[in-house]
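The paragraphs below walk through one protein chain, beginning with a single loop residue and ending with pairs of packed helices. Please keep the sequence and the structure in view while reading.

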Amino acid sequence: MFSMFSGLEAGDIIMEISSKENTQFFSNNTVLPVDRSSFKSESSASKEKQSCCGGIKIFLGALSFVYFAKALSGSYFKSTITQIERRFDIPSSLVGIIDGSFEIGNLLIIILVSYFGAKLHRPRIIGAGCLIMSAGTFLIAMPQFFMGRYQYERFPSTINSTVSISPCLQNKSQTPLSALEKSQAKINAGCEKEAGSSMWIYVLLGNLLRGIGETPIQPLGIAYIDDYAIEENAALYIGCVQTVAIIGPIFGFLLGSLCAKLYVDIGFVDLDSVTITHKDAQWVGAWWLGYLIAGVISILAGIPFWFLPKHLPKPESRKDSSTSSEQSKFITEDNKDQHKSYQQQVKITEMAKDFLPSLKNLFGNPVYILYLCASIIQFNSLIGMVTYKPKYIEQQYGQTSSKTNFVIGLINIPAVAFGIFSGGLIMKKFRINVLGGAKLSLGSSFFGYLLFLSLFAMGCENSDVAGLTVSYHGTKRMTDYEQDLFSECNSGCACSKNDWDPICGENGVTYISACLAGCQASNGSGKSTVFFNCSCVGTLESPSQSSSAVVGPCQKGKECPKMFLYFLVISVITSYTLSVGGTPGYILLLRCIKPHLKSFALGIYTLAIRVLAGIPAPVYFGVAIDTTCLKWGSKRCGGRGACRLYDSNALRYVYLGLTLVLGTVSTFFSVAVLWVLRKRSSPQDKTLSDNGERDTCGTKSRKDNFVNSDHLIQTTYWPEKETRL
């Protein structure tokens, strides 16, 4: 379920580990002779370690810290989506656009960075990327310091004041003139600052900068390790980097949990004057504080790269090889010199001429194109689900933002990490071939989404909100919401249906405002305000009896905490199950492409996932979620703000249904992949594949000069894969 830590990070983890390990193990078999006389002596080995290990380990530590910083920043952004929505009074669809801006920033320069970055000073480019990433993170937090203090809807009597005002304004003359003037002055002042609500644009631009700054970290950092690490240590180093990258989202969501408990204007206002709690739908935590912390961490992470050299001494075992690890993966000793000569004669124009034939060859591979379609649809499902999971938990189970982020960071993400590791371990333990990997990936998706189906039964009913979900005496479910906000019990009050200042009646029903509850008097101030003589707050036994109410909405039903516990258990199991199929599925992608097209195929794959899933998924998920809103907030000068209350049943069906439908469609494409693999593999190929001598992918289309390399990949890759992590 949560098989992406922030957007596409888990997918990137699988890509980097898989492709690099594939490189390493193949290189060991093709380059290193078996003759013992070729082994280095202990003295030369120690000299090699002294010459290169120190520098590469410093780079490894710095890169690990950068991976931690970018993972923390990305996951923290996910944890603050609901806070940003409330602070800027914007709908979920607009929040989805802001979230997708990160992928747009990444795509803007990925090609330039990947091509030109390898020719320049890679550590310093990574350092510059960290500075840009930190600048974007700081920019996200900047609106907090320029758009004034957060204003939430509250009736004047609930604010610390010496003026006693009746909530039900049966006669406006009973309100002191000075109080009305002050209230109007506040509204006018709010209108003057209404332009501040457009400052969400700075959040979008900041997230765009984050995407630009993060771009060089992955391709240049991993390539640097690939170039200067000892072959047998390279996979271990990358495993260390990715382990730290998994830890980053855990701390990101925990930081989000901590900041969500703090009031948004902490340090700027007297907290005693705040009349809402972190359980209120209008509560906004100190979302900006975490971005300042993440920005500082990004700056610190980038400092070491400015002092690292452009080149490190190469290990002795690689000095006499002019080919890179990726090239050596597909080149045997017999044809390496011939390939070297060919590489020196290749011109850029010739490479350009080969682009369209290569693209045609790639998209002519049915396994690749079917797997690409399956991945795009599944990532749409997962990205949309991950983006709005905090909102879903808050609205469906009545949990606070702080608790929601804490649960996701401490329970869901470790389950995903363990699932990814288990997938690779299963492949290694049982020596599963390509066809078996396809079956494992399909089985993981099938059982994962089957478990996901059970979440439909683990929801909470709508809260009883008078005029929205129940009648004013709690006896009738409503269908036409807006027209039922007014009733006979509040007909004598001058109330506005646009207000959202909920109170909880002693009958367990929430009322949109004290005025709509027909309350005639109040006592106390701030959070301790109690309303009396509320004509609409009657008990079922004696509905005509006037009763009291307190500030804040009522809690969800008694069964809701139990349902939330069930949801967590199934969510963790589903997250683990879906993640198990990640590594086998990606290995299927690697094995079914001609060796000289692997890099190109991976680039097309990543580009397609980001463009067709990373950008649109948060947007249309947000649009769909907006359709389930029952009560929209109102901006000070008119216009629709953020949603205050969702229809729990509709939200559950839309959020879970959209995720499940996309996941089911992707499963059908996975079935098609398995069918093509079975069709293209002969009985003899299956027998050989079971012995680990050859794969079953593309046996009819590969030429003889690629069969040997596929043979070597299959025999050397899996036996030692996960033990090196």
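Asp 89 lies in the loop between helix H3 (81-87) and helix H4 (92-116). Helices (H or I, at least four residues) and strands (E, at least two) are DSSP runs, numbered from the N terminus. With a relative accessibility of 14%, Asp 89 counts as buried; buried means under 20% relative accessible area, exposed over 50%, and partly exposed in between (1.4 Å probe, protein chains only). The phi of Asp 89 is near 55°, a positive value in a residue other than glycine. Most residues other than glycine have a negative phi.

The model is a predicted one, in which local features need pLDDT of at least 70 and side-chain atom pairs count only at pLDDT 80 or more, while totals for chains, interfaces and linings use all residues. Residues are numbered from 1 along each chain as its sequence is written, and side-chain values use heavy atoms, with hydrogens and water left out.

A second residue with a positive phi is Arg 431, at about 50°, although Arg 431 is not a glycine. Its place is the loop between H17 and helix H18 (434-453). Is Arg 431 buried or exposed? With a relative accessible area of 53%, Arg 431 is exposed.

Now the chain as a whole. It contains 25 helices and 7 strands. Of its 725 residues, 56% count as buried. Among contacts between residues at least 6 apart in sequence, 79% join residues at least 24 apart; contact means heavy atoms within 4.5 Å.

Some buried residues illustrate how distant parts of the sequence come together. Ile 246 is in helix H9 (residues 231-261) and counts as buried, at 18% relative accessibility. Its C-alpha atom is separated by 7.8 Å from that of Phe 68, although the two residues are 178 residues apart along the chain. Val 537 sits in the loop between strand E4 (530-534) and strand E5 (547-551), and its relative accessibility of 1% makes it buried. Between the C-alpha atoms of Val 537 and Val 509 there are 7.9 Å, with 28 residues separating the pair along the chain.

Thr 400 belongs to the loop between helix H16 (366-397) and helix H17 (401-429). Thr 400 also counts as buried, at 14% relative accessibility. Which residues does Thr 400 contact, leaving aside its neighbours within four places in sequence? They are His 278, Lys 279 and Glu 394.

Two helices can be looked at one at a time. The expected span of a helix is 1.5 Å times one less than its number of residues. For helix H5 (residues 122-141), with 20 residues, this gives 28 Å, and the end C-alpha atoms are 29 Å apart, which agrees. Buried residues of H5 include Arg 122, Pro 123, Ile 126, Met 133 and Ile 140. Helix H8 (residues 217-228) has 12 residues and reaches 16 Å from its first C-alpha to its last, close to the 16 Å expected. Among the buried residues of H8 are Ile 217, Leu 220, Tyr 224, Asp 226 and Tyr 228.

The last step is to see how helices pack. Axes are lines fitted to C-alpha atoms, for helices over the stretch in contact, and angles run from 0 to 180 degrees between N-to-C directions. The axes of H16 and helix H19 (residues 560-580) come within 12 Å and cross at roughly 165°. H16 and H19 are therefore roughly antiparallel to each other, a term for angles over 145 degrees (under 35 is roughly parallel, 65 to 115 roughly perpendicular, and the rest oblique). On the H16 side, the contact residues include Leu 382, Lys 389 and Tyr 392, and on the H19 side they include Met 563, Phe 564 and Phe 567. By class, this contact of H16 with H19 has 9 nonpolar, 2 polar and 1 charged residues. Ala, Val, Leu, Ile, Met, Phe, Trp, Tyr, Cys and Pro count as nonpolar, Asp, Glu, Lys and Arg as charged, and the others, Gly among them, as polar.

Helix H22 (residues 616-626) and helix H23 (residues 648-680) pack at an angle of about 150°, their axes 9 Å apart. H22 and H23 are therefore also roughly antiparallel to each other. Tyr 620, Phe 621, Ala 624 and Ile 625 of H22 meet residues of H23 that include Leu 651, Val 654 and Thr 659. This contact of H22 with H23 has 9 nonpolar residues, 1 polar and no charged ones.
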